[in-house]
Number of protein chains: 2
Amino acid sequence: MKYYVGIDVGGTSVKMGLFNDKDELLERISFNTRTVEYIVDDIYENINKLFASKNLLLDDLKGIGIGFPGHVDGSTGTVVYSNNLVAHNFEIVKLLKQKIDTFIRISNDANVAALGEYHFGRGKEFKNIVFVTLGTGIGGGIIIDGHMLEGKNGAGAEIGHMVISTNGQLCSCGRRGCFETYASATALIRNARVAMINNPTSLLWKYAKKPEDLDGMGFFDALAENDKVATIVFEQYIEDLADGLTNLANIFRPDAIILGGGISYRGDSLMEPLQNRLAKMIYGGQWNARVELMVSTLKNDAGIYGAYAMCTKLK
Amino acid sequence: MKYYVGIDVGGTSVKMGLFNDKDELLERISFNTRTVEYIVDDIYENINKLFASKNLLLDDLKGIGIGFPGHVDGSTGTVVYSNNLVAHNFEIVKLLKQKIDTFIRISNDANVAALGEYHFGRGKEFKNIVFVTLGTGIGGGIIIDGHMLEGKNGAGAEIGHMVISTNGQLCSCGRRGCFETYASATALIRNARVAMINNPTSLLWKYAKKPEDLDGMGFFDALAENDKVATIVFEQYIEDLADGLTNLANIFRPDAIILGGGISYRGDSLMEPLQNRLAKMIYGGQWNARVELMVSTLKNDAGIYGAYAMCTKLK
């Protein structure tokens with residue numbers, strides 16, 4: 001039998017999964033992320049552990065897929081730039097191949113997670129999907145007819161840096177009004193903190209002594225108590241998020257847009273108004289092909305499944 | 001030898017080209033667009049004329065490609081909705097097949113023009129392109145690795161309906177702040193007319209007795225005379241156009257964005273500031289993969305070439 005390893009490199013931990021060629025996840029392992037100079041050794045060591053745990057021979061390892069945060073050029077196997085891991089033009093595929101000579105494929109973590117959802121998660125039934133992760137920023141992965149949209153040198157799918165509000169909030173990328181300055185998890189909490197300062201009677205003060213202490217948990221607790229300020233902040237957030245998602249729906253008209261990241265698990269309070277707004281604002285409205293809005297089902301496993309899929313399913 | 005017909009259906013005329021399987025355009029013909037109930041007969045008649053003019057037999061016709069304005073579903077061969085030709089769920093492929101039983105493929109006119117540029121025009125040297133037409137609205141055609149991005153039921157690539165300014169100008173689609181309300185040819189002239197009203201000493205008054213008489217020619221003449229008002233209007237136009245193009249560059253990171261439509265032929269006065277702004281604003285800036293900004297070379301012929309390419313080149 002043939003075996004594959006799917007690797008999801010994150011800022012705090014690296015998750016790995018051992019798969020057989022029947023799409024079965026046989027074993028998992030994870031380790032803390034150290035700086036980039038250790039990553040190849042750490043990966044190699046943990047691949048050995050994975051294979052040993054199942055009494056398998058490394059000879060039967062037929063492919064390694066890697067999702068890596070930042071700008072990754074799959075065509076050269078290079079991490080062009082990663083803020084999280086302080087990597088710059090890091091030739092990870094070449095270095096890893098010196099230890100294990102097998103098929104190795106790398107891409108940006110959001111692209112890889114999208115491929116995971118496409119083959120094994122919420123996207124299984126669809127031909128085309130756009131995957132959107134709401135976190136510190138907004139990440140995107142676009143799968144069209146089984147192909148990952150990676151763009152020139154792997155620099156594509158930067159959907160968080162689509163301006164939705166000319167002359168809007170300043171983004172870390174240098175432009176104003178990027179989607180992620182309005183609709184990331186960070187943006188939601190920032191807006192809630194500002195609203196807190198302006199509204200001394202808000203219930204938000206129950207959940208944080210100082211605005212800078214407010215976190216997502218506290219915000220959603222205040223929202224669940226029907227705090228007026230939290231409600232207004234959340235309604236505005238949904239409008240802005242819907243604006244960006246509607247843009248993506250008009251540009252790609254995928255079968256579905258799949259949301260990932262902590263906020264996406266808030267359930268109907270988020271998804272219902274969002275789907276309604278999307279259905280209303282999408283080009284052609286109800287007369288045109290509907291785009292489904294869904295929540296990731298693989299959640300934190302999307303990365304390892306997608307990394308495995310890069311070895312066996314990628315067109 | 002095998003022969004193909006590429007058809008570009010427009011609001012005022014239908015252009016047709018006869019091609020052989022060596023990519024050679026042998027003959028052209030065009031006729032005035034009548035309402036949609038005549039179009040199949042008119043196309044059939046003109047295909048016969050094209051073949052007769054070269055003493056060819058219809059038996060050697062191996063494919064017909066059609067670019068059609070509006071929302072077109074290539075998978076069913078149906079014009080779902082076309083404002084220009086007042087068509088609704090018009091099964092053009094089925095009807096034409098009843099007259100000529102050959103391969104027939106239809107898509108939206110901007111998708112088809114993009115495919116033409118990709119195989120025979122400015123996009124020939126590239127793997128991925130985004131084609132943007134600046135006209136009454138903004139049309140888009142996206143070619144990724146030889147595939148047309150058509151979206152579910154052919155409703156994708158509506159790049160003109162990407163909001164770049166939340167709560168901005170009202171668009172005909174019902175949303176506010178769509179790209180085309182800022183960066184179409186119509187938007188430029190509308191903005192110039194408003195500026196005219198507000199500036200009684202502008203040279204724009206030399207070129208139009210009333211604001212509603214101002215056209216593109218008059219606007220660019222006043223601009224060439226360095227009229228201050230026209231200059232300010234044009235600078236703002238370039239900023240807004242660059243905003244939308246930068247979004248597309250970040251989302252797709254194509255090798256090139258190719259512009260079509262009358263405004264795109266204005267030369268360096270348009271393209272230079274536009275390319276500079278794109279290079280400055282694109283995600284990752286100069287450290288990231290450059291996206292070239294170019295002008296269509298096939299111009300009005302992109303449609304018939306693209307329609308032909310749908311028969312022979314489409315992946």
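Chain A of this predicted model contains ten helices and 13 strands. The radius of gyration of chain A is 21 Å, close to the 20 Å that the globule rule gives for 315 residues, so chain A is as compact as a globular protein of that length. Along its principal axes the C-alpha trace of chain A extends over about 65 × 50 × 35 Å, and 53% of the 315 residues of this chain count as buried. Of the contacts in chain A with a separation of 6 or more, 60% are made by residues that stand 24 or more positions apart.

**Two domains in chain A**

Chain A is divided into domain 1, which covers 3–119 + 300–312, and domain 2, which covers 125–296. The C-alpha centres of domain 1 and domain 2 of chain A are 28 Å apart. Where these domains of chain A meet, 16 residues of domain 1 are in contact with 17 residues of domain 2. On the domain 1 side of chain A, strand E5 (71–73), strand E8 (103–108) and helix H3 (109–120) each supply at least two of the touching residues, and the largest share, seven residues, comes from H3(A). By class, this side of domain 1 of chain A has eight nonpolar, six polar and two charged residues.

**How the two chains meet**

A rotation of 180 degrees, with 0.0 Å of shift along its axis, superposes chain B on chain A with an RMSD of 0.0 Å. The two copies are thus related as by a two-fold rotation axis. The contact takes 34 residues from chain B and 34 residues from chain A. On the side of chain B that touches chain A, helix H8 (residues 228–252) of chain B gives the largest share, six residues, and the residues of this side divide into 15 nonpolar, twelve polar and seven charged. Because 100% of the interface residues of chain B are also interface residues in chain A, the copies meet through the same surface.

**The nonpolar core**

In soluble globular proteins, nonpolar side chains tend to be buried together. The largest nonpolar core here has 206 residues, of which Ile7(A), Ile257(A), Ile7(B) and Ile257(B) touch the most other members. Leaving aside neighbours within four places in sequence, the contacts of Ile7(B) include Val14(B), Met16(B), Ile43(B), Ile64(B), Ile66(B), Ile304(B) and Ala307(B), with Gly65(B) also among them.

**Individual residues**

Asp42(B) is found in helix H1 (residues 39–53) of chain B, and with 16 C-beta neighbours inside 10 Å it counts as partly exposed. Not counting residues up to four places away in sequence, Asp42(B) touches Val14(B), Phe31(B) and Arg34(B). Val14(B) is also one of the contacts of Ile7(B). The C-alpha atoms of Asp42(B) and Asp59(B), which are 17 residues apart along the chain, are separated by 19 Å.

Most residues other than glycine have a negative phi. Lys299(A) has a positive phi of about 50 degrees although it is not a glycine, and Lys299(B) likewise has a positive phi of about 50 degrees. The table places both residues in their surroundings.

| Residue | Loop | C-beta atoms within 10 Å |
|---|---|---|
| Lys299(A) | between strand E13 (292–295) and helix H10 (302–312) of chain A | 16 other C-beta atoms, partly exposed |
| Lys299(B) | between strand E13 (292–295) and helix H10 (302–312) of chain B | 16 other C-beta atoms, partly exposed |

Key:
Residues are numbered from 1 along each chain as its sequence is written. Chains are lettered from A and ligands numbered from 1 in the order in which they are written. This is a predicted model: local features need pLDDT of at least 70, side-chain atom pairs count only at pLDDT 80 or more; totals for chains, interfaces and linings use all residues. Copies are superposed by least squares on the C-alpha atoms of residues with pLDDT of at least 70 in both. Two residues are in contact if their C-beta atoms, placed from the backbone, lie within 7 Å. Helices (H or I, at least four residues) and strands (E, at least two) are DSSP runs, numbered from the N terminus. The radius of gyration is taken over C-alpha atoms; the globule rule is 2.2 Å times the number of residues to the power 0.38. A residue is buried if 20 or more other C-beta atoms lie within 10 Å of its own, exposed if 12 or fewer, and partly exposed in between; C-beta atoms are placed from the backbone. Ala, Val, Leu, Ile, Met, Phe, Trp, Tyr, Cys and Pro count as nonpolar, Asp, Glu, Lys and Arg as charged, and the others, Gly among them, as polar. Domain bounds come from an automatic or database domain assignment. A nonpolar core is a set of buried Ala, Val, Leu, Ile, Met, Phe, Trp, Tyr and Cys residues joined through C-beta atoms within 7 Å.
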